[in-house]
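Subject: The structure we talked about

Hi,

Here is the structure I promised to pass on. Have a look at it first, and then read on for what turned up.

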Amino acid sequence: MSKKAYGLKDPDFIDPLASYPRFNIKNIREASPDRAHYNSRGIGINVSKVEIDGVQAADLEAKLINAPCRWINRPQSNGPFRGPIFEGRNQITSDGDPDRFSVNPFVFTISTPGEASKTVLSRFDPMDFEHPDYKLFEIFPNEIVDRRLPTQRFALSNEGLQQIGVDPDNLDSYFTNRMNWLQGKIVEAEAMGKPALAEAYRSRLYAVNFFTQATGPTVLANRLLSRIPLRQLYRHTIRGNASMPPVPMVDAGFFAPYQIDTEKDWEILYYMGQYDGDLMTGYCSGTLDIPLK
């Protein structure tokens with residue numbers, strides 16, 4: 001997330017006592033200090049390691065470590081939306097499953113880390129291989145879509161909690177700590193004479209308190225707390241070819257002496273989950289298996 005792309009928060013909502021000033025960017029919320037993993041990483045999916053045949057590839061890893069992995073847009077696939085979205089069928093106008101969604105469009109990219117970032121790898125996976133420009137509502141039968149839907153959905157995952165720095169055995173304290181911190185931030189903002197900032201923190205506190213209670217309508221009970229442990233598993237291939245734009249792209253010089261095969265399918269496995277309804281964040285981790293020539 002960048003100041004250039006999103007701009008800074010309005011001055012009334014900038015907290016001069018914030019521990020992490022980069023959270024002054026619009027639409028990004030500062031987390032309580034105990035949420036160290038989020039505060040240190042910020043937003044984004046990055047390369048964490050590189051292996052060839054199960055052995056660390058130190059030369060490539062040195063160039064790719066922390067490289068941003070992104071899905072980029074393809075207007076032919078998703079119409080008016082300005083970027084990839086979670087999209088699914090609704091069982092009213094189709095035979096789809098309303099609880100399973102796909103990332104659409106699926107144009108996966110890896111770019112070099114740093115300010116002078118450039119894309120070094122990109123490949124599109126069509127939802128319908130025979131009709132790559134079809135939008136989701138145009139694809140029939142639904143079996144064509146199944147390969148891109150979660151193969152495991154809403155699974156409780158201690159591993160996922162540990163990846164975001166949350167103790168599965170002490171889950172109840174997660175939002176308790178957040179509420180205590182928010183109460184302190186309200187007092188700080190009022191002491192600084194920033195009523196708008198105090199109200200912003202107060203609004204967050206109310207939502208966290210309301211949606212972590214076990215009482216009330218079933219759909220609302222513990223909504224925040226119950227979502228944190230959940231994640232969904234996706235496993236499919238990336239199979240776009242030169243006949244469907246954007247064509248597969250690999251920066252041969254960057255990856256030399258290795259030669260990446262853009263004609264064979266690439267296998268990708270990824271989890272999405274650990275959704276935090278206060279911070280409006282989730283977590284994603286996975287692997288991309290790319291064949292070499």
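To get you started: leaving aside neighbours within four places in sequence, which residues is Tyr270 in contact with? Before the reply, please keep in mind that this is a predicted model. Tyr270 touches Trp71 and Phe106, then Gln232, Leu233, Tyr234 and His236, and finally Cys284, Ser285 and Gly286.

Tyr270 is also a good way into the largest nonpolar core, which has 24 residues. Tyr270 is listed there among those with the most contacts inside that core, together with Leu64, Trp71, Phe106, Phe108, Ile110 and Phe255. Several elements give two or more residues to this core: helices H3 (58-64) and H10 (252-255), plus strands E4 (68-71), E7 (106-111), E8, E10 (230-238) and E12 (266-276). E12 gives the most, with four residues. Apart from this core lies another one, of 20 residues, and among them are Met179, Leu224, Ile228 and Tyr283.

Now for the overall picture. The protein chain has 293 residues, and 40% of them count as buried. Along the principal axes, its C-alpha atoms fill a box of roughly 60 × 50 × 40 Å. You will find ten helices and 13 strands in the chain. If you look at contacts between residues at least 6 apart in sequence, 62% of them join residues at least 24 apart.

Next, the sheet. Five of the strands make an open sheet with antiparallel pairing, and their order is E1-E4-E7-E8-E11. At the edges sit E1 (45-46) and E11 (249-250), each of which pairs on one side only. Strand E8 (residues 119-125) runs antiparallel to E11, and two bridges join them. Which residue in E11 is the bridge partner of Leu121? That is Val250.

One polar residue deserves a stop on the tour. Asn104 lies in strand E6 (residues 102-104). Is Asn104 buried or exposed? Asn104 has a relative accessible area of 5%, so it counts as buried. Its side chain reaches the backbone oxygen of Ser77 at 3.5 Å. Not counting residues up to four places away in sequence, Asn104 touches Ser77, Asn78, Pro84, Ile85, Glu87, Met127 and Arg148.

A quick word on cysteines. A search of the whole structure finds zero disulfides. Why is Cys69 not bonded to Cys284? The sulfur of Cys284 is the closest cysteine sulfur to that of Cys69, but at 8.8 Å it is too far for a bond. Both residues are tucked away from the surface by the numbers: Cys69 is buried at 9% relative accessibility, and Cys284 is buried with a relative accessible area of 17%.

Salt bridges are the last topic, and the count comes to 15. One of them joins Asp133 to Arg74, with the closest N and O atoms 2.7 Å apart. This pair links distant parts of the chain, 59 residues apart: Asp133 is in the loop between E8 and helix H5 (143-146), while Arg74 is in the loop between E4 and helix H4 (75-78). The two partners have unlike surroundings, as Arg74 is buried at 2% relative accessibility, whereas Asp133 is partly exposed at 42%.

Then there is Arg178, which is worth clicking on. Arg178 and Asp276 meet through their side chains in a salt bridge of 3.0 Å, N to O. Arg178 lies in helix H7 (residues 173-191) and Asp276 in strand E12, so this pair ties together parts that are 98 residues apart in sequence. Both of these residues are buried. Arg178 also forms a salt bridge with Asp278, where the closest N and O atoms are 2.7 Å apart. That second pair links helix H7 to the loop between E12 and strand E13 (281-289), 100 residues apart. The relative accessibility is 1% for Arg178, and Asp278 is buried too, with a relative accessible area of 3%. Which residues are linked with Arg178 in a network of salt bridges? They are Arg29, Arg204, Asp276 and Asp278.

Over to you!

Definitions and conventions: Residues are numbered from 1 along each chain as its sequence is written. This is a predicted model: local features need pLDDT of at least 70, side-chain atom pairs count only at pLDDT 80 or more; totals for chains, interfaces and linings use all residues. Side-chain values use heavy atoms; hydrogens and water are left out. Two strands pair if DSSP finds at least two bridges between them. A nonpolar core is a set of buried Ala, Val, Leu, Ile, Met, Phe, Trp, Tyr and Cys residues joined through side-chain atoms within 4.5 Å. Buried means under 20% relative accessible area, exposed over 50%, partly exposed in between (1.4 Å probe, protein chains only). Contact means heavy atoms within 4.5 Å. A polar contact is a pair of N or O atoms within 3.5 Å; within protein, one must be able to donate a hydrogen and the other to accept it, and residues adjacent in sequence count only if both atoms are side-chain atoms. A disulfide is a pair of cysteine sulfur atoms within 2.5 Å. A salt bridge is a side-chain nitrogen of Lys or Arg within 4 Å of a carboxyl oxygen of Asp or Glu.
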